[in-house]
Amino acid sequence: MRHSEFWQLADAVFGPEYARSLASDIVLSDLGGRSPVQALDDGVPPRDVWVALCDAQDVPDERRWLDPRSRRASRPGG
């Protein structure tokens with residue numbers, strides 16, 4: 001997973017504004033007491049950061065790995 005894919009999934013699952021706020025503000029023990037943004041900046045693989053964030057937010061497996069492009073296309077009017 002690339003950083004851009006992390007952000008695409010975060011935007012699709014949490015919404016663009018909330019995704020940025022959440023990734024900056026939440027501190028996760030699974031990431032060594034860092035926020036997702038700090039962990040990414042420190043070189044933690046984006047997939048590991050994504051899994052930690054989803055675990056902390058109780059995102060079900062079926063929503064974690066959706067292709068953001070297909071999710072947008074499946075929305076009414078999208």
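This passage describes the fold, the helix packing, the core and selected residues of a predicted model.

The protein contains 6 helices and 0 strands, and its elements follow one another along the sequence in the pattern α-α-α-α-α-α. Of its 78 residues, 35% are buried. Among contacts with a sequence separation of 6 or more, 49% are made between residues 24 or more positions apart. The mean pLDDT of the protein is 87, with 85% of the residues reaching 70 or more. Confidence varies between the elements, in that helix 3 has the highest mean pLDDT, at 98, whereas helix 6, which spans residues 68-74, has the lowest, at 47. Over residues 71-78 the pLDDT stays under 50, and for this stretch the model has 7 contacts beyond four places in sequence.

The packing of the helices was examined for the pair at the start of the chain. Two packed helices are described by the angle between their axes and the distance between the axes. For helix 1 (residues 3-14) and helix 2 (residues 16-25), the axes come within 7 Å and cross at roughly 115°, and the crossing is right-handed. On the side of helix 1 the contact is formed by W7, A10, D11 and F14, which meet P16, Y18, A19, R20, L22 and A23 of helix 2. Sorted by class, the residues in this contact comprise 8 nonpolar and 2 charged ones, with no polar residue.

In soluble globular proteins, nonpolar side chains tend to be buried together. In this model the largest nonpolar core has 21 residues, of which F6, F14, L31, V49, W50 and L53 touch the most other members. Helix 1, helix 2, helix 3 (36-41) and helix 4 (46-56) each supply at least two residues of this core, and the greatest contribution, 6 residues, is that of helix 1. L31, one of the core residues with the most partners, touches P36, A39, V44, D48, V49 and A52 when residues up to four places away in sequence are not counted.

Within helix 4, the buried residues are P46, V49, W50, A52, L53 and C54. The elements that cover these buried residues of helix 4 include helix 1, helix 2, helix 3 and helix 5.

P36, which is placed in helix 3, counts as buried because its relative accessibility is 0%. Beyond four places in sequence, P36 touches F6, L22, A23, I26, L28, L31, V49 and L53, among them F6, L31, V49 and L53, which are listed with the core residues that touch the most other members. The C-alpha atoms of P36 and D25 are 8.4 Å apart in space, with the two positions 11 residues apart in sequence numbering. S35 lies in the loop between helix 2 and helix 3, and it is likewise classed as buried because its relative accessibility is 2%. With residues up to four places away set aside, the contacts of S35 are to A23, S24, I26 and V27; A23 is also listed among the residues that P36 touches, and A23 takes part in the contact between helix 1 and helix 2.

A charged residue is also found among the buried positions: R64, located in helix 5 (residues 61-64), has a relative accessibility of 9% and therefore counts as buried. Apart from its neighbours within four places in sequence, R64 is in contact with L9, W50, V51, C54, D55 and V59, and of these W50 and C54 are themselves buried residues of helix 4.

Two exposed positions complete the description. D58, in the loop between helix 4 and helix 5, has a positive phi of about 55° although it is not a glycine, and this residue comes just after helix 4. D58 is classed as exposed because its relative accessible area is 66%. R2 lies in the segment before helix 1 and counts as exposed because its relative accessibility is 62%. R2 and P45 are 43 residues apart in sequence, while their C-alpha atoms are 8.2 Å apart in space.

Key
Residues numbered from 1 in each chain as written. Predicted model: local features only at pLDDT ≥ 70, side-chain atom pairs only at ≥ 80, totals over all residues. Heavy atoms only, no water. Axes fitted to C-alpha atoms, helices over the stretch in contact; angles between N-to-C directions. Helix = DSSP H or I, 4+ residues; strand = E, 2+ residues; numbered from the N terminus. Left-handed = near helix turned anticlockwise from the far one by under 90°. Contact = heavy atoms within 4.5 Å. Nonpolar A, V, L, I, M, F, W, Y, C, P; charged D, E, K, R; others polar. Buried < 20%, exposed > 50% of the residue type's maximum accessible area, 1.4 Å probe, protein only. Core = buried A, V, L, I, M, F, W, Y, C linked by side-chain atoms within 4.5 Å. pLDDT = per-residue confidence, 0-100.
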